[in-house]
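User: I am new to this structure. Please show it to me, and then I will ask how some of the terms are justified.

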Amino acid sequence: MVATTPPRPPQVKGRATQRVASKGWGSHRTITAALRAASAGEVISVGPGVYHESVLIDRDVSIIADSEHGTVEVVSPGGPALVSRAAQAVVHGLTLRATPGSAAVHTSAGELAMVNCDISAGWFEAEGWAKPTLHGTRVHATSGMGVRVHGNAQLNLFNCTVEEIDGDGVVAGQSARVTMHGTTIVRPTGSGVVLAEQVTAELEKCTVAHTGGVGVHAQEQVRMWIREGRFNDTTGDAVRLVGQPYEGDGSAAADARSDSDADRCVAEVTDTAIARSGAHGVSAYGAARLTVRTSKFDAVARSGGYADSGARLTMSDCEVTGSGSTGLVARGTARLDVAACAVGRSGANALFLDGDSAAVVRECTLKASTYSAVHMAGNASAELDRCTVTGTPQHGVRVTGRAMLRMSGGRIERAEMNGIQVEEDGDATVAHVAIESVAVGIRVETSHRPLFVDCAVTKTSQAGMEVASEAGPTVRDSRFSDSEGAGIFLDRDSAATIEDSTVLDVGGSGLVAWTGARPIVRTLRIERPGKNGVYLNADSRGFLDDLYISAAEFPALYIGKGATPRIRRAHVDSSERDLNLADGAEPTFADCTVSNVRNSSMPASNAPAVRAVAGGGGAGPAAPDGQKTEGVTEALDIGALLHRLDDLVGLAGVKNDVSTLVKLMQMVKRRQEMGLSPPPLSRHLVFAGNPGTGKTTVARLYGQILNALGMLSRGHLVEVDRGQLVGEYVGHTAPKTQAAFKKAMGGVLFIDEAYALVPEGQSNDFGQEAISTLVKLMEDHRDQVVVIVAGYPGSMGRFIAANPGLSSRFNRTLTFVDYLPAELVEIVSHQAGEHEYTLPEDTVSALAEYFESSEGANRSGNGRFARQVFQEMTERHAFRIAEVDNPTKEQLSALLPVDVPVRVGVGD
């Protein structure tokens, strides 16, 4: 680390033993002559004057200028004015002038200390194993560079000035080490400091200003620390890091290579002020790692922090104010990690992400941007944790392209457009966020299914939430209030899911579903809407359960022509009219009630409703056309589903476990309907069994059963394995897992061979990230998705033990035992019946004998094996019948013992 204070300049010990004067009292007329006469350790005093010579220090001496009586100036007739090769030498107070185009001072060995010297016309150069130290020394008016250090030299600059350089101020290369404290570099025509190769540099309390290029430019494998610096009026970036080119071809190995120590350019910037840079404040490229702490950026021409092409930029407790473009930027495969920072008055966005970049932004304030405060495009992903977004003429957060937003906590306020805008193929998971004083709180225009949990949207000039045509977000535990338009507006053919939410004091209708919309609503409370409580336009449909509508200005429910919603357990209170049906509307009602309603026509159950005047109460803007999304299907009858389960061959233990779960969930549902709290219940399951034992079939039925019980909105099955969950390189696993989970929303996510997510002996495998992501998603959506993990019995224990969150969520295991030989015969018989074949008794006996043999049952007693046997029997039957002329129907149907295979290889 950099020292907090520089060491004191070396003190000259003893009296001068050699004196130099150009004329008068001196013993020598040249410094060179005095050096020849001096012994090691002697002090040489030099009187005022101009000495035209090149001084070579080859022994341990101190050369002191008699500056009290005038300036001591050494002017080289050619080459350096001073060359030092001594082990230890001190030069104090000399003015050194070189021949232009060469070094004024050169050292290649030993420890040279220069105190209060003045160097011009040529640069200071250190190489080899030299360890020079400059105290209070000025280097100026040179061409090419001011200071150069390379080889294995170690240079210290304490309270020095490097100025008016035609080129770069300080240049370091190879394996050199540079320490600078209290040093000022000003007005170079090139960059202030240039570091390359394997240089190590420490800059403390240094000032770099008015550069023609970059303030500090570090590249390749440089290690650099900057503390309490000041950078201002640089033509280029204030600090720029350029690592080796990023080899991100999408593989984990390539990303590991970019992270290796050998490839990194690493810097830390702390307590530093950057102002009026002509480009970025700090920037990082390739395999660069830049950390910035407690620093301020003011009026930079472009971005305060910029990362591109695989770089990592970490910022904490920083202020970025008045940037000419975006405050913070990540492009390509760059990564941003920002904490407790404030970004204000940006000329474009406060935060911009593009390409395959990713950002984690924690407890930051993004305010007063010129464009959308947060703009995400390409394949970018971002986590915004407890951030405040305020004051923008556009959107608070805009997610476009194929970007993925994860936002938790925090606020979005005073956006003149939308609080959160998700469009194109963008996706989002937003939880615990307050949105206030915007045009539309949340607008969704994506084909994905964004999730919004525990959000509060208030004081919007238009709708609280808008869902565009064919979009299908999920909203849960959220509150929409004080909007001038509708609380929630669902455009044409959209399919939103709304659960456990509230709409209060809105100027329009509480919930508007436009033509063809298919909302799924569970527990929605609407109070004091300015128009209808729920407005369902023509041809809309969907399921609306547990509605509460109070104090509606228009009819609490308006159902348009051709609309076919199912409405259960709706209650209308304190309204003039509860229902208005247009001609051709065909809703169904169940368990609906009213109180304090003057004109009531809503039936309690499926009795026909009394129609009012068509069009008598709804309002909502026309909706544009869009794309189709998957519709909502009616749940199957629970009895029929249980009968299907019972018809499966074998699986007695599994059937009993599922029946027990069904009874438990039916009891839970009845308790909830009676206002009682439900007991603890985990619907997630472990299916342990060999392949082909019916796990996928039972999982599909389980989802349909939960749908029939009203505990899943769709009940569909999404089957995945490791390949659909785990990415090939850093940053891809979480989005892949989230995408698979989103497809399963409302149904069952079935993870086959789940143990493959935790390969034995690979603790750093990306499967761990998939599991961590899955555990969080299961918590955030615990009532919307059931997860079933399946695999070999001996391996599932290792999977459950891989993450503490798994054991609490998967506390019930269903064991699928291999089928017995008699059950395998029954499976073949069932297959035969489905395909219109018959099995005579002697064929059944031959099958039983085959399955009981060691060649068959002991190798694989599972259903897939039985289906393979049936398929081979039909093939053998076809080959046999092909030789029969004019076969009868019985011959075409009967499978005989000869058709039973003699040997069958069992598949997996």
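Analyst: This is a predicted model. Its largest nonpolar core has 158 residues, and M114 and M224 have the most contacts inside it. Strand β46 (residues 404-424) gives the most to this core, with six residues.

User: What makes a set of residues a nonpolar core?

Analyst: The members must be buried residues of the nonpolar kinds listed for a core, Met among them, joined through side-chain atoms within 4.5 Å. M114 and M224 are in the largest such set. A second, separate core of 46 residues includes V649, V658, A790 and F816.

User: Which residues does M114 touch, leaving out those up to four places away in sequence?

Analyst: M114 touches L82, V91, L96, V105, I119, F124, T133, L134, H135 and T137.

User: Why are α11 and α12 called oblique to each other?

Analyst: Helix α11 (residues 821-834) and helix α12 (residues 841-852) pack at an angle of about 135 degrees, with their axes 9 Å apart. Roughly perpendicular covers 65 to 115 degrees, and roughly antiparallel needs over 145. The angle of about 135 degrees fits neither class, and the helices are therefore oblique. The crossing of α11 past α12 is right-handed.

User: How do you know what class of residue makes up the contact of α11 with α12?

Analyst: On the α11 side are P821, L824, V825 and V828, which meet V844, L847, A848, F851 and E852 in α12. Glu counts as charged, whereas Pro, Leu, Val, Ala and Phe count as nonpolar. The contact therefore has eight nonpolar, no polar and one charged residues.

Definitions and conventions:
Residues are numbered from 1 along each chain as its sequence is written. This is a predicted model: local features need pLDDT of at least 70, side-chain atom pairs count only at pLDDT 80 or more; totals for chains, interfaces and linings use all residues. Side-chain values use heavy atoms; hydrogens and water are left out. Buried means under 20% relative accessible area, exposed over 50%, partly exposed in between (1.4 Å probe, protein chains only). Helices (H or I, at least four residues) and strands (E, at least two) are DSSP runs, numbered from the N terminus. Contact means heavy atoms within 4.5 Å. Axes are lines fitted to C-alpha atoms, for helices over the stretch in contact, and angles run from 0 to 180 degrees between N-to-C directions. Angles under 35 degrees count as roughly parallel, over 145 as roughly antiparallel, 65 to 115 as roughly perpendicular and the rest as oblique. A crossing is left-handed if the near helix is turned anticlockwise from the far one by less than a right angle, and right-handed if clockwise.
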